[in-house]
Amino acid sequence: MAEVSWICKRTIVSTKPVEAGKFCSLSVLDRIMEHNHLRLVFYYQHTKNMKVGESTKILRESLSEMLCAYPIVTGRLLKTPEGHWMIKCNDAGVRMVEARAKGSVDKWLQNLDREKELNLVHWEPMFHKPYFWSTFYVQLTEFEEGGLAIGLSCTHLLSDPICATMFIKTWADMTLNGKMVSPPLFHSLPGRTGRSKTINHGPGPELINRYKSSLEKPASVVQVKQTTVLLAFNDEMVRSCMAMSRTTPGSPDQPSPTPFETLAALLWVCISKIKGTKSGLISMSICLDMRKVLGLDKGFYGNCMVYNEVPGDGIEDYKLSEAAAAIRQVVNRMNSEGIMDLIEWLEGKADEFASPVNGYDLTFVNLEHADSYSAIFEDNFKPIRASYYIEPTVGDGNILVLPSPPGEGSFSRVAMITLLEDEAISLLEDELIQKLSPTTLMVADNKHTNADSYP
């Protein structure tokens with residue numbers, strides 16, 4: 001088994017000093033995520049001979065250049081007189097860990113589990129004096145026989161997975177071209193226009209009730225051992241599952257569920273069977289990026305992912321088509337008016353959340369549009385895989401639906417599934433999963449085997 005060893009830990013600051021006296025306020029969608037953090041790992045394969053340490057030096061220098069555009073990342077947390085978190089923009093910088101791993105990146109990926117992968121992304125919980133705590137950590141791990149892993153961790157308070165991906169993409173652009181193709185945009189969430197501020201219309205109450213339940217019944221962090229498996233569904237598999245998910249199979253006029261809705265329905269049904277539900281499906285929530293719904297530019301930097309509940313109590317006999325239809329209905333109801341209702345309701349309440357907002361449910365996060373594979377640092381130095389973690393784990397489990405590497409078909413997706421260890425193993429043995437036969441890219445902890453031996 002490959003081993004990781006730390007070489008050093010240093011602070012990277014921007015090449016230009018931050019404007020004195022600058023502060024960044026945080027939105028209510030930021031502040032409710034205080035109790036979560038993110039970990040991302042991007043894997044790269046070298047195509048040219050480079051000495052160990054050479055890549056790290058190049059990336060260290062380009063990160064320093066890139067940080068000039070990210071004062072919220074190099075700054076530190078403070079509380080306003082009202083008790084809200086904010087960022088004092090300064091030159092405190094980002095912590096970087098430099099590491100080495102034995103073997104090659106290819107060998108590493110052939111024998112991978114959650115515990116092993118998290119060695120590639122350093123994270124430190126909030127210091128008891130937050131102002132002295134780095135909110136972002138970068139780990140660069142060079143493999144002795146070729147390859148590189150870039151790990152990024154940060155508090156969810158300042159970044160959702162889309163923003164974290166944008167951070168790595170901007171860093172890659174700076175390294176490749178010496179400039180930022182799409183610099184981040186820091187501004188407030190949009191306000192309501194042309195409507196009454198009375199919260200009594202659209203699907204707003206539905207969203208508000210979902211967050212109210214997290215506020216009134218805080219979910220505790222799961223204490224029992226959980227593990228993560230990574231399943232790759234190719235284009236043909238997803239299309240086959242979409243056909244099975246139609247309410248009226250074979251009807252050309254009926255809109256098909258999206259790949260996210262399809263895979264969420266599939267895994268919701270399978271996991272409900274594993275957990276032994278007798279009537280309906282287990283409680284389930286979806287988490288969607290709302291930038292497009294709110295009319296925000298893709299470069300908007302800030303939390304903009306919203307949770308909503310999908311009822312499963314009326315879905316009998318584990319029907320895939322009914323599960324997909326239920327998810328689709330909730331997705332379609334998440335419009336701008338409902339999101340504005342939620343934002344307005346959260347004003348004055350965002351700092352009251354005492355635990356992660358993903359709550360007690362089985363949670364599905366749609367990261368289909370995370371631009372992971374465009375983070376190209378050098379010519380022919382492209383990411384070959386990307387992993388995402390939203391921590392800590394609460395509730396019945398967490399499933400992230402991610403894009404597949406380019407060239408694998410427009411409907412291909414990767415599902416990153418975190419469950420109790422025995423449930424994760426049972427999922428791989430489920431009849432429906434076996435029928436579709438996805439490729440297992442990451443196995444349950446301590447269950448190492450050749451991925452090809454799995455369905």
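Visitor: About how much space lies in the second largest cavity?

Guide: In this predicted model, the second largest cavity holds about 40 Å³ of space. The lining of that cavity is made up of L29, M33, H156, P161, C287, N303, M305, Y307 and I390.

Visitor: What makes residues of the second largest cavity's lining count as nonpolar or polar?

Guide: By class, the lining has 7 nonpolar residues, 2 polar ones and no charged ones. Leu, Met, Pro, Cys, Tyr and Ile belong to the nonpolar class, so L29, M33, P161, C287, M305, Y307 and I390 fall there. His and Asn are not named in either the nonpolar or the charged class, and therefore H156 and N303 count as polar.

Visitor: How many cavities are found in the structure as a whole, and how much space lies in the largest cavity?

Guide: Searching the whole structure gives 3 cavities of 30 Å³ or more, and the space in the largest cavity comes to about 70 Å³. R114, Y388, Y389, I390, E391, T393, N398, L400, M416 and T418 line the largest cavity, and two or more of its lining residues come from each of β13 (383-391), β14 (397-403) and β15 (413-420). Strand β13 supplies the largest share, 4 residues.

Visitor: Which classes do the residues of the largest cavity's lining divide into?

Guide: The lining divides into 5 nonpolar, 3 polar and 2 charged residues. Arg and Glu are charged by the rule applied here, so R114 and E391 are the residues behind the charged count.

Visitor: How do you know which pocket residues lie nearest the centre of the largest pocket, and what is its volume?

Guide: The largest pocket has a volume of about 1,000 Å³. Its lining comprises 30 residues, and those nearest its centre are I162, D289, K298, H369 and A370. Helix α6, helix α9 (259-275) and strand β10 (284-289) each give two or more residues to this lining, with α6 giving the most, 6 residues. By class, the lining of the largest pocket has 11 nonpolar, 9 polar and 10 charged residues. The space is called a pocket rather than a cavity because a pocket is an open set of points, whereas a cavity is one from which the probe cannot get out.

Visitor: What lines the second largest pocket?

Guide: The second largest pocket, with about 330 Å³ of space, is lined by 18 residues, of which S25, L26, S27, H187 and S188 lie nearest its centre. Strand β2 (23-25) and helix α1 (28-31) each supply at least two residues of that lining, and the largest share, 3 residues, comes from α1.

Visitor: How many aromatic pairs does the structure hold, and why is the pair of Y70 and F167 called what it is?

Guide: The structure holds 13 aromatic pairs. In the pair of Y70 and F167 the ring centres lie 5.1 Å apart and the planes meet at 70°; the limit for a pair is within 6.5 Å and planes over 60 degrees apart count as edge-to-face, so both conditions are met. This pair links distant parts of the chain, with Y70 in the loop between α2 (54-66) and α3 (71-74) and F167 in helix α6 (residues 161-177), 97 residues apart.

Visitor: Why are Y70 and F167 each placed in the class they are, buried or exposed?

Guide: Buried means under 20% relative accessible area. Y70 has a value of 0% and is therefore buried, and F167, likewise at 0%, is therefore buried. Y70 also forms an edge-to-face pair with F186, at 6.2 Å centre to centre and 85° between the planes. That second pair again joins distant parts of the chain, F186 lying in the loop between α6 and α7 (204-216), 116 residues from Y70. F186 has 32% relative accessibility, which lies between the cut-offs of 20% and 50%, so F186 counts as partly exposed. Ring pairs link Y70, F136, F167, F186 and Y301 into a cluster.

Visitor: What makes the charged end of K79 count as sitting over the ring of W85?

Guide: The charged end of K79 is 4.5 Å from the centre of the W85 ring, and the distance limit is within 6 Å, so the distance condition is satisfied. K217 likewise sits with its charged end over the ring of Y360, 4.8 Å from the ring centre.

Visitor: How do you know whether the radius of gyration agrees with that of a compact globule?

Guide: A compact globule of 455 residues would have a radius of gyration near 23 Å, and the protein has 22 Å, so the two agree. Buried residues make up 57% of the 455 residues.

Terms used:
Residues are numbered from 1 along each chain as its sequence is written. This is a predicted model: local features need pLDDT of at least 70, side-chain atom pairs count only at pLDDT 80 or more; totals for chains, interfaces and linings use all residues. Side-chain values use heavy atoms; hydrogens and water are left out. Rings of Phe, Tyr and Trp (its six-membered ring) pair if their centres lie within 6.5 Å; planes under 30 degrees apart count as stacked, over 60 as edge-to-face and the rest as tilted. Buried means under 20% relative accessible area, exposed over 50%, partly exposed in between (1.4 Å probe, protein chains only). A charge sits over a ring if NZ of Lys or CZ of Arg is within 6 Å of the ring centre and within 35 degrees of the ring normal. On a 1 Å grid over the protein atoms alone, a cavity is a set of points where a 1.4 Å probe fits but cannot get out, and a pocket is an open set with protein on both sides within 12 Å along at least five of seven lines; lining residues have an atom within 4 Å of a point. Grid points are joined across faces, edges and corners, and a volume is the space filled by probe spheres set on the points. The radius of gyration is taken over C-alpha atoms; the globule rule is 2.2 Å times the number of residues to the power 0.38.
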